[in-house]
Amino acid sequence: MGHGDTPGQIVVLNGTPRSGKSSIARAIQNTFDGVWMNLGVDGFKQMTPERFQPGIGLRPGGEGPDLEPVVVILYRAIYEAIAAHSRLGVNVVVDVGHHDAYSVPLGILPDCARRLARQPAWLVGVRCPLEVVMERRRATGGAGDTADGSVPVPVRLWQEGVHTPGIYDLEVDTSKLSPAECANAIRQRLENGPPPSAFRRLALAATAEPPRRASSSDLRP
């Protein structure tokens with residue numbers, strides 16, 4: 001960790017639930033040099049009031065339109081916090097599941113990207129085949145197949161939506177690599193380059209098409 005002169009590095013891990021993001025984040029925290037703070041979805045969900053749950057964990061499908069204005073603001077706050085940590089020289093790892101399959105497109109990822117476009121921030125796509133995700137759900141007590149043997153709709157929607165538009169600095173496949181191996185691949189990219197560009201490319205979409213307007217009044221119950 002620096003003293004504010006050198007910005008902290010940022011690694012954002014984007015993938016579906018059960019893709020292995022959290023395990024990679026722990027590997028980064030335990031093995032990378034310096035202090036790495038995890039500002040991911042699980043921690044922010046724990047801080048979110050019950051009446052606004054699941055907060056930024058709102059899944060694809062447009063099932064919570066009343067919560068969507070809050071989700072927009074919370075994502076902005078999270079990414080501003082990530083950027084603030086970096087400006088102070090603190091490294092940050094973020095495990096999150098971005099999608100735009102709300103009741104209406106919200107443009108959250110491009111808006112968030114604009115807040116990190118000038119920071120040393122890498123966007124990593126955490127891939128995991130659907131059949132492996134389902135195996136992990138069954139093994140950890142999550143909902144398995146439906147009564148007719150099909151994949152639950154929310155699981156399918158996550159798989160379809162989380163990697164759109166698929167602009168990344170690096171992608172890892174957790175069905176082929178362990179969390180430690182994924183973390184090492186990320187370390188190699190950070191150390192050897194090329195420099196990150198995904199957030200800058202995504203930020204262009206934010207300037208071309210402004211996201212949904214939101215205000216503090218959206219946080220009222």
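Start with the largest nonpolar core (buried Ala, Val, Leu, Ile, Met, Phe, Trp, Tyr and Cys residues joined through side-chain atoms within 4.5 Å; buried means under 20% relative accessible area with a 1.4 Å probe, protein chains only). Select Val 12, Tyr 75, Tyr 79, Ile 82, Ile 108, Leu 116 and Phe 199: of its 35 residues, these touch the most other members. Next colour helix H3 (68-87), which supplies the largest share of this core, eight residues. Helices are DSSP runs of H or I with at least four residues, strands E runs of at least two, numbered from the N terminus.

The model is predicted: local features need pLDDT of at least 70, side-chain atom pairs pLDDT 80 or more, while totals for chains, interfaces and linings use all residues. Residues are numbered from 1 along each chain, and side-chain values use heavy atoms, without hydrogens and water.

Centre on Ile 82, which touches Ile 10, Leu 39, Val 92, Val 94 and Leu 116, leaving out residues up to four places away in sequence (contact: heavy atoms within 4.5 Å). Then select Ile 28, Phe 32, Val 93 and Ile 186, which are among the 17 residues of a second, separate core.

Move to helix H1 (21-31) and show Lys 21, Ile 24, Ala 25, Ala 27 and Ile 28, which are buried. Looking down the axis of H1, the buried residues fall within an arc of 160 degrees, so they line one face of the helix (the arc is taken from the directions from the helix axis to the C-beta atoms). Their cover includes strand S1 (10-14) and helix H7 (179-192).

Conventions:
Buried < 20%, exposed > 50% of the residue type's maximum accessible area, 1.4 Å probe, protein only.
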